Amino acid sequence: MDLQDPDGDLVRRIGQGDTYAVEALVARKLPRMTALAYRLLSDRAEAEDVVQELFVRVWRSAPGWRPGAAKFDTWMHRVALNLCTDRLRKRREAALPQDWDAPDPAPNAEANLVSRADSEAVDRALAALAPRQREAIVLTYYQELSNQEAATLMGIGVDALESLLARGRRALKLRLEQCHD
C-alpha cells in the first residue's frame, strides 16, 4: 500500500485488472466527483456524463500510473475540472421542456418549491460567477479541499486562491441579496 497516496493501492490493483478495486474506487470517489461536476455544470445529466468519462479515463490510465508526483485524488479532480471546463465551453442554449410550467400535484409542493427555489438561487448565483472563482469555491467549500490542495489543483498559489475565494464570496452574497430583494 502506498502510504503517501490513500488511493495508490487501489489504482495499482485497477491497473492489474482487479474489478473489485474498480468497484471500491468508484464507491469511494463517485459521490464527490459527481458533486463537483454538478456544482460546476448545474446539470445532473451532464455531471453524470462527465463522471462516467472520468472513470473511463481512470481505468485507461491506471496501468501506467506512477505514484509520487501528485496524489491520485488530485489527478482525478484536475481531470474532472478539465472535462467540466470543456463542457462549459461547448454549451449552447437549450429549449425549455414542453411541460416546464405544469403544476406539481405532490403534497407539500409549495414548501418543496420554496426550498428548491432557494437551492436553485444558490446554483444560479454560483453558475454566474467567473469560472475561476466558481472553481475555487466548489473545491474548497463543496469538495472540502484545503486551500493548499485547491490551489495546487488550480495551478495557482494559496494567496491567489484566497483572493479568488474572497471575490467569489462577495459576488455570491451580492447575487443572492439581489434575488431576495
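Helices in this tour are DSSP runs of H or I with at least four residues, numbered from the N terminus. The model on display is predicted.

**The whole chain**

Begin with the full chain in cartoon representation. It contains eight helices and zero strands, so that, on the DSSP-based naming, the order of elements from the N terminus reads α-α-α-α-α-α-α-α. Colouring by burial will mark 33% of the 181 residues as buried. Among contacts with a sequence separation of 6 or more, 61% join residues that lie 24 or more positions apart.

**Helix α1 and the residue after it**

Select α1, residues 8-15. Its buried residues are Gly8, Asp9, Leu10, Val11 and Ile14. These buried positions pack against three helices, α2, α3 and α4. Moving just past the end of α1, select Gly17, whose phi is positive at about 90°.

**The pair α1 and α2**

Add α2, residues 19-41, to the selection. The axes of α1 and α2 approach to within 8 Å and cross at roughly 140°. This angle makes α1 oblique to α2. The handedness of the crossing is left-handed. To display the contact, show side chains for Leu10, Arg13 and Ile14 on α1, together with Tyr20, Ala21, Val22, Ala24, Leu25 and Arg28 on α2. Classified by residue type, the contact of α1 with α2 comprises seven nonpolar, no polar and two charged residues.

**Arg28**

Now centre the view on Arg28, which lies in helix α2. Is Arg28 buried, partly exposed or exposed? Its relative accessibility is 41%, and Arg28 therefore counts as partly exposed. Setting aside neighbours within four places in sequence, the contacts of Arg28 are Pro6, Asp7 and Leu10. A C-alpha to C-alpha distance drawn from Arg28 to Asp7 reads 9.4 Å, for a sequence separation of 21 residues.

**The loop between α2 and α3**

Proceed to Ser42, in the loop between α2 and α3. Although Ser42 is not a glycine, its phi is positive, at about 55°. Ser42 counts as partly exposed because its relative accessibility is 32%.

**The pair α3 and α4**

Select α3 (44-61) and α4 (72-90) next. Their axes are 10 Å apart and the helices pack at an angle of about 135°. α3 and α4 are therefore oblique to each other. The crossing of α3 and α4 is right-handed. On the α3 side, the contact is made by Glu46, Asp49, Val50, Glu53, Leu54, Phe55, Arg57, Val58 and Ser61. On the α4 side, the participants are Phe72, Trp75, Met76, Val79, Ala80, Leu83, Cys84 and Arg87. The residues of the α3 contact with α4 comprise 11 nonpolar, one polar and five charged.

**The nonpolar core**

Hide the cartoon and turn to the largest nonpolar core, which has 41 residues. Which residues have the most contacts inside this core? They are Leu36, Leu54, Phe72, Met76, Leu139 and Leu161. At least two residues of the core come from each of α1, α2, α3, α4, α5 (109-128), α6 (131-142), α7 and α8. As a general background, nonpolar side chains in soluble globular proteins tend to be buried together.

**The loop between α6 and α7**

Restore the cartoon and select Glu144, located in the loop between α6 and α7. Glu144 is not a glycine, yet it has a positive phi of about 55°. With a relative accessible area of 65%, Glu144 is exposed.

**The pair α7 and α8**

Select α7 (residues 147-154) and α8 (residues 158-179), whose axes come within 9 Å and cross at roughly 95°. That angle makes α7 roughly perpendicular to α8. Asn147, Gln148, Ala150, Ala151 and Met154 of α7 meet Val158, Leu161, Glu162, Leu164 and Leu165 of α8. By class, seven residues of the α7 contact with α8 are nonpolar, two are polar and one is charged.

**Final stop: Leu161**

End the tour at Leu161, one of the residues with the most contacts inside the core. Apart from neighbours within four places in sequence, Leu161 is in contact with Ala136, Thr140, Asn147, Ala150, Ala151, Met154 and Ile156. Of these partners, Asn147, Ala150, Ala151 and Met154 are among the α7 residues that meet α8.

How values were computed:
Residues are numbered from 1 along each chain as its sequence is written. This is a predicted model: local features need pLDDT of at least 70, side-chain atom pairs count only at pLDDT 80 or more; totals for chains, interfaces and linings use all residues. Side-chain values use heavy atoms; hydrogens and water are left out. Axes are lines fitted to C-alpha atoms, for helices over the stretch in contact, and angles run from 0 to 180 degrees between N-to-C directions. Angles under 35 degrees count as roughly parallel, over 145 as roughly antiparallel, 65 to 115 as roughly perpendicular and the rest as oblique. Contact means heavy atoms within 4.5 Å. Ala, Val, Leu, Ile, Met, Phe, Trp, Tyr, Cys and Pro count as nonpolar, Asp, Glu, Lys and Arg as charged, and the others, Gly among them, as polar. A nonpolar core is a set of buried Ala, Val, Leu, Ile, Met, Phe, Trp, Tyr and Cys residues joined through side-chain atoms within 4.5 Å. Buried means under 20% relative accessible area, exposed over 50%, partly exposed in between (1.4 Å probe, protein chains only). A crossing is left-handed if the near helix is turned anticlockwise from the far one by less than a right angle, and right-handed if clockwise.
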